[in-house]
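Visitor: Please show me the model, and let me ask how each label was arrived at.

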Amino acid sequence: MKYPKEYLDEIKTRLKVSTVVSKTVSLKKRGKEFVGLSPFKNEKTPSFTVNDEKEFYHCFATSEHGNIFDFIMKTQNLKFGEAVKHLAQLAGMQPYLFSKKDEEREKKWDEYKSIFNEYVDFYHNELIKNEQHSNAREYLKNRSLSKENVKKFKIGYVEKNPSIFEQFKNKYTEQTLVETGLFYLDEKKKIYVERFRGRLIFPINNITGQPIGLGGRIIENLDYLAKYINSPETLFFKKGSNLYNLDLARKLSNKLDHIYLVEGYMDVIGLSKNGIDNAVANLGTSLTDKQIQILNQFFDDIIICFDGDESGYKAALRAAENSIKELKPEKQISFLFLPNKEDPDSYVNKNGKANFIEFTKQSKLSIHQFIFSHYKKQTENNPSSMAIFEKRLRDVANTIKDDYIKKYVLEYFLEKIAELTPHSNQKNKKNYKKPTKSLDATKKYYNESQSLSGVELKEFSLIYLVINNLNLMQSNIHLIENIKLFTEVNKKIFKQIIEILKSENQIAVQDLNLDSQLIEKINKFAPIKYILKNSSEDEQKIIELLEDISRDLMNYDLEFRIQELESKFSVDMSESTFNELKELKKKQNLN
């Protein structure tokens with residue numbers, strides 16, 4: 001039996017290829033792609049690429065190519081159905097069992113989908129084309145929304161006395177129409193009423209872009225009506241499992257590592273019309289574990305930005321206490337508090353995109369900082385209050401599912417408490433010694449060395465080997481004159497050394513007249529200096545080391561050329577590019 005296309009599409013949408021592959025292959029980011037060692041062949045240099053944007057993997061060593069289902073089938077030796085079950089579980093979806101219940105649900109989904117598509121299209125076109133809805137268009141104009149903004153989010157307007165229910169009755173049963181949440185029965189008048197009459201409507205799409213619910217806003221200030229309402233929960237619409245604009249925002253996860261989580265539809269739209277499209281909104285309820293889990297699948301940093309008033313602050317606190325449990329080592333949850341009486345829409349309209357982004361960089365707080373700061377404000381300077389303070393923070397830390405994060409968040413809380421109670425920690429402070437100078441020097445050396453790439457260190461070793469064996473290198477100039485370097489500053493100094501070696505008879509280091517700061521850096525960080533301590537008199541050993549370095553640098557050159565061709569291949573997939581890549585890979589393996 002065949003799985004429904006929508007079910008398979010949702011699995012693919014929820015799971016990046018890199019997420020699935022990284023559970024088997026160690027991947028490194030390179031431009032828009034990820035690279036790693038092939039799972040289909042033993043190899044020393046990476047020939048395996050993953051492209052999340054195009055939803056495929058490709059192995060240049062074996063020509064294996066496919067999507068997440070292919071990968072699981074081939075690496076775990078599973079049949080297609082087994083691969084689907086495995087990936088559905090990873091995506092947090094219910095298994096599809098092909099039972100009668102599943103078939104009935106699928107039939108209902110087809111009807112539900114058709115009704116929502118027709119409903120959203122009809123009222124969107126009404127807003128765009130019907131001149132009678134000038135009040136709705138005037139409201140949008142006052143909110144600085146252009147026709148393009150309205151079309152992008154498919155905003156619609158439901159008139160005060162709509163009649164679409166009568167049209168739908170000809171195609172769908174009354175029960176089916178009521179189950180969508182778009183209509184309800186007025187018990188007194190015994191008529192079916194449109195829930196969103198007299199409101200602008202904002203389609204809430206599922207992760208694949210299909211409308212499954214609506215948000216509605218009145219355009220007249222009537223005290224007896226709620227300003228915003230959402231669709232009720234239905235068989236296919238669960239507020240705690242969906243986010244407004246996720247279908248569009250998730251597509252940016254290959255370019256951006258952060259997402260703004262805001263409170264309302266207009267905040268998302270306001271940010272978008274100012275060039276900030278990586279924003280989603282929750283749906284009128286408290287933030288749920290499920291929503292955080294979904295965002296974690298696509299983004300590394302969730303920035304929660306609620307309104308800058310008391311209710312916004314309270315909502316942020318609830319969000320922090322609910323979401324900290326989902327914190328992971330490679331993920332962040334941050335909070336951004338806007339000035340009082342501002343929301344994301346108003347702030348970005350007044351100040352612009354650049355100011356909003358800069359404000360984010362300067363003002364966002366990590367989730368543990370926010371929680372500590374909040375409870376600190378509630379605490380008085382007495383033993384009872386401090387005890388309650390510590391207990392609350394321990395309780396919050398203990399909700400975190402990941403043991404590593406739990407450990408370090410708790411340590412952060414306890415260290416911050418210790419700063420508030422210095423007298424109780426005086427004994428510990430007396431036994432504490434500041435790091436020695438040698439430890440500081442080691443830390444500094446480590447930090448400096450971490451900033452150097454592998455190819456830079458290899459080039460340092462080459463230059464170090466040459467300047468410490470000038471006479472030997474001069475007599476073997478043919479071994480070094482054609483070695484290719486990659487770092488501009490190293491290329492320049494190496495070229496200078498080669499020219500002097502070719503033109504002089506006997507040379508000492510001081511005759512080279514090289515950049516003293518660079519030479520000092522090379523002498524400090526060149527890895528080969530530790531090997532040369534034991535080989536300084538052995539010319540044969542030095543030549544062997546030189547050949548090893550030359551071979552490694554040649555491999556770097558091949559790797560860079562392969563990277564360029566792989567990027568090119570991901571765009572045009574031409575046979576000539578593929579053949580060129582194969583030849584370079586062969587050459588690389590021979591080296």
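Guide: Start with burial: a residue is buried under 20% relative accessible area, exposed over 50%, and partly exposed in between, with a 1.4 Å probe and protein chains only. This is a predicted model, in which local features need pLDDT of at least 70 and side-chain atom pairs count only at pLDDT 80 or more, while totals for chains, interfaces and linings use all residues. Residues are numbered from 1 along each chain as its sequence is written, and side-chain values use heavy atoms, with hydrogens and water left out.

Visitor: Why is asparagine 77 called exposed?

Guide: The relative accessible area of asparagine 77 is 71%. The limit for exposed is over 50%, so asparagine 77 counts as exposed. Asparagine 77 sits in the loop between helix H3 (68-76) and helix H4 (80-90), and its phi is positive, about 55°, although it is not a glycine. Helices (H or I, at least four residues) and strands (E, at least two) are DSSP runs, numbered from the N terminus.

Visitor: What makes serine 63 partly exposed?

Guide: Its relative accessibility is 40%. That value falls between the two limits, so serine 63 counts as partly exposed. Serine 63 belongs to the loop between strand E4 (56-59) and strand E5 (65-66), and has a positive phi near 70°.

Visitor: Why does arginine 14 count as buried?

Guide: Arginine 14 has 12% relative accessibility; buried means under 20%, so arginine 14 qualifies. This residue is in helix H1 (residues 5-14). Neighbours within four places in sequence aside, its contacts (heavy atoms within 4.5 Å) include Ala91, Met93, Ile294 and Phe298.

Visitor: How do you know that the buried residues of H6 line one face of the helix?

Guide: In helix H6 (residues 134-142), the buried residues are Ala136, Tyr139 and Leu140. Seen down the axis of H6, they fall within an arc of 95°, so they line one face; the arc is that of the directions from the helix axis to the C-beta atoms. The face turned away from that side carries the exposed residues Lys141 and Asn142. Among the elements that the buried residues pack against are helix H5 (100-129) and strand E10 (211-218).

Visitor: What makes E7 and E8 a pair?

Guide: Two strands pair if DSSP finds at least two bridges between them. Strand E7 (residues 183-186) and strand E8 (residues 191-194) have four bridges, in the antiparallel sense, so they meet the definition. One bridge joins aspartate 186 to isoleucine 191 in E8. In this hairpin, lysine 190 has a positive phi near 60°.

Visitor: What makes a set of residues a nonpolar core?

Guide: The members are buried Ala, Val, Leu, Ile, Met, Phe, Trp, Tyr and Cys residues joined through side-chain atoms within 4.5 Å. The largest such core has 56 residues, and Tyr119, Ile155, Leu200, Tyr244 and Phe356 have the most contacts inside it. H5 gives the most to this core, with nine residues. A second, separate core of 41 residues includes Ile294, Phe298, Ala315 and Tyr375.

Visitor: Why should some coordinates not be read in detail?

Guide: The reason is low pLDDT, the predictor's confidence in each residue, from 0 to 100. The chain averages 85, and 87% of the residues score at least 70. Over residues 426-439, pLDDT stays under 50, and the model has two contacts beyond four places in sequence for them.
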